[in-house]
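Subject: Structure handover

Hello,

Here is the structure for you to take over. Please open it first, then read the notes below.

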Number of protein chains: 2
Amino acid sequence: MAESSTRTVERALVLLGVVCDAGSLPLADAARESGLSASTALRLLRTLEGTGFVRRDADGGYRPGLRVVQLGAQALGHESLVSLVSPVLDRLVELTGESAYLSVPSHDGAAVYLAMREGTHSVRHTSWVGRSIPLEGTAVGALLGGERPEKGFVAVRDGLQQDVTAIAAPITVGHGEKARVVAVISVIAPSYRMTPDSVAGIGRHVAAEASAVLVGPSGSPEEPDSTRQSDSTGQQDNPEQPRTPEQVRLADTSTAVEEDIA
Amino acid sequence: MAESSTRTVERALVLLGVVCDAGSLPLADAARESGLSASTALRLLRTLEGTGFVRRDADGGYRPGLRVVQLGAQALGHESLVSLVSPVLDRLVELTGESAYLSVPSHDGAAVYLAMREGTHSVRHTSWVGRSIPLEGTAVGALLGGERPEKGFVAVRDGLQQDVTAIAAPITVGHGEKARVVAVISVIAPSYRMTPDSVAGIGRHVAAEASAVLVGPSGSPEEPDSTRQSDSTGQQDNPEQPRTPEQVRLADTSTAVEEDIA
DNA sequence: AGCGTATATTTCACTTATTGAAACCCGCTT
DNA sequence: AAGCGGGTTTCAATAAGTGAAATATACGCT
């Protein structure tokens, strides 16, 4: 009851994770890293291959398949928080010039960036959607851990990363004692640019934006999920994009010609 | 031997696909759509849940988990084609004002958008990364099916979608008869804007860009270099083992580009 | 309320399907 | 040649997954 685990599936998923982490690796490594016998790993990788979750390259190595990309993009498209927060991130970048992120708690006790906008300064912080970040010693972690800062935001200088300052505020659902932090919005900037004043200024903006996300223009808070079926204009970005400034395109419903069909 | 399938794993993956497609659905629907008994579906969904591949929302429905987003982003990051083609897509958008896409064949006999750039016209075509597109009646499909157009590009008006014209060119590897199409670059625009002349003009550009991708401006494929500011370090992704400091991403372009799925 | 339907969850006997050691088959290096 | 390391196949043991049925729960409907 408590633990209904299908060993086979679990193993296959671990294997998938290993392959995605590595980008490409031979069977032997995959088996070793996931603690499986070669024959078992081979069998599982083959079924993963048959379903498009992994594929093989010329050297025989295993690499992530397209199905992974596909499902990832779909999943991100269904994250309504992303579309809710997109304009907020845009605004923060505009106001501060620094990079802005949306993160949510992950299942393994860490957090994951779900959306991001790059800052406009030529020296700016850069990360990518899907990146996972620890909770210890980070502004995001503090908030997800339940911290409820006086002024509505937390600033951490040189926490996870040297020379980088993170300023974060929680998106909460519920009121009073029962409030729960469902996500965190943060602005991350090079520390050398952050004076106490600028931190305070950015903090005010972040806190204000974060607290307004679920309230909406009219006032009453709404549940964050509200997964509308249909095909919201999904978006997905490329984690590494040296040249192009804007990475995540937001759901621009304005006058785009259309989409759907499958 | 020929088909080594791990039924359990296959079922779980189907289930994962169903959940990602739906965005959110109750157990009963998931079971029905994947042709499983309720108890089996429940068991499998639970293990998917335990590993973060799905999660449950307040209504008890199942929805894609963060692990999916995470792996998807990672996988996309390892796709060297994406980084090679990114500047090309930028250029096409700049030249034509229309949306530009990179697609590759998928394992199930369709194609998937791996990257895209939105056009600049206020009325423009919009799709998303991860979207899968059929081969029949599409420009992309024709090229992946082996068609080798005279002028280097294929244009299809009102194919998959009404009022939309697609202009596509193949990225091939190998020469002469042994050339294989590994990906397709396409520009997609509202048909009303497409005169024979503009189609020809865009086609020329697309064909030129596509044929140059794997050749590179100076002969060998080069990566747009990684002048990423700050770090983005602190790769504390998983409490597992030391991971590569700066993610190798772009390192494997030359060899990795050589193949696609099976 | 009372009834009916539909879903969520648990149990459990039946085996089927997964497992890993060992054997085998490469291509390499010593 | 012999040795070595990775990939692949075989195969018997048995661990592990399966689904029907029972139970619990939740939601309309008259």
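Start with the surface near DNA strand C. Five helices each supply at least two residues to this surface: α1 and α3 of chain A, and α1, α2 (27-34) and α3 of chain B. Keep in mind that this is a predicted model.

DNA strand C

There are 20 residues around DNA strand C. Those that come nearest are Thr40(A), Arg43(A), Arg7(B), Ala28(B) and Arg46(B). Which parts of the strand come within 4 Å of the protein? Sugar and phosphate account for 81% of the atoms of DNA strand C that do so.

Three polar contacts to phosphate oxygens are worth a look, and chain B supplies the protein atom in each of them.
- Arg7(B) uses a polar backbone atom, which is 2.7 Å from a phosphate oxygen of DNA strand C.
- Thr8(B) has a backbone N or O atom 3.4 Å from a phosphate oxygen of this strand.
- Arg32(B) uses its side chain, with an N or O atom 3.3 Å from a phosphate oxygen of DNA strand C.

By class, the surface near DNA strand C has eight polar, seven charged and five nonpolar residues.

DNA strand D

Now go to the other strand. DNA strand D is surrounded by 20 residues. The closest are Arg7(A), Ala28(A), Arg46(A), Thr40(B) and Arg43(B). Of the atoms of DNA strand D within 4 Å of the protein, 83% belong to sugar and phosphate.

Which residues make polar contacts here? Arg7(A), Ser37(B) and Ser39(B) are among them.
- Arg7(A) places a backbone N or O atom 2.9 Å from a phosphate oxygen of DNA strand D.
- Ser37(B) has a side-chain N or O atom 3.4 Å from a phosphate oxygen of DNA strand D.
- Ser39(B) reaches a base: a polar atom of its side chain lies 3.1 Å from a base nitrogen of DNA strand D.

Chain A gives two or more residues to this surface from each of α1 (7-22), α2 (27-34) and α3 (38-50). Chain B does so from α1 (7-22) and α3 (38-50). The surface near DNA strand D divides into five nonpolar, eight polar and seven charged residues.

Where the chains meet: α1(A) and α1(B)

The helices α1(A) and α1(B) also pack against each other, with their axes 8 Å apart and at an angle of about 65°. They are therefore roughly perpendicular. The crossing is right-handed. Thr8(A), Val9(A) and Ala12(A) make the contact from α1(A). Thr8(B), Val9(B) and Ala12(B) make it from α1(B). Four of these residues are nonpolar, two are polar and none is charged.

Within chain B: α5 and α7

One more helix pair to view. In chain B, helix α5 (residues 80-96) packs with helix α7 (residues 196-212). Are they roughly parallel or antiparallel? The angle is about 165°, with the axes 11 Å apart. The two helices are therefore roughly antiparallel. Their crossing is right-handed.

From α5(B), the contact residues are Val88(B), Arg91(B), Leu92(B), Leu95(B) and Thr96(B). They meet Ile202(B), His205(B), Val206(B) and Glu209(B) of α7(B). By class, this contact has five nonpolar, two polar and two charged residues.

Best wishes

Notes:
Residues numbered from 1 in each chain as written. Chains lettered and ligands numbered in written order. Predicted model: local features only at pLDDT ≥ 70, side-chain atom pairs only at ≥ 80, totals over all residues. Heavy atoms only, no water. Near = heavy atom within 4 Å. Polar contact = N/O pair within 3.5 Å; in protein donor to acceptor, adjacent residues only side chain to side chain. Helix = DSSP H or I, 4+ residues; strand = E, 2+ residues; numbered from the N terminus. Nonpolar A, V, L, I, M, F, W, Y, C, P; charged D, E, K, R; others polar. Axes fitted to C-alpha atoms, helices over the stretch in contact; angles between N-to-C directions. Parallel < 35°, antiparallel > 145°, perpendicular 65-115°, else oblique. Left-handed = near helix turned anticlockwise from the far one by under 90°. Contact = heavy atoms within 4.5 Å.
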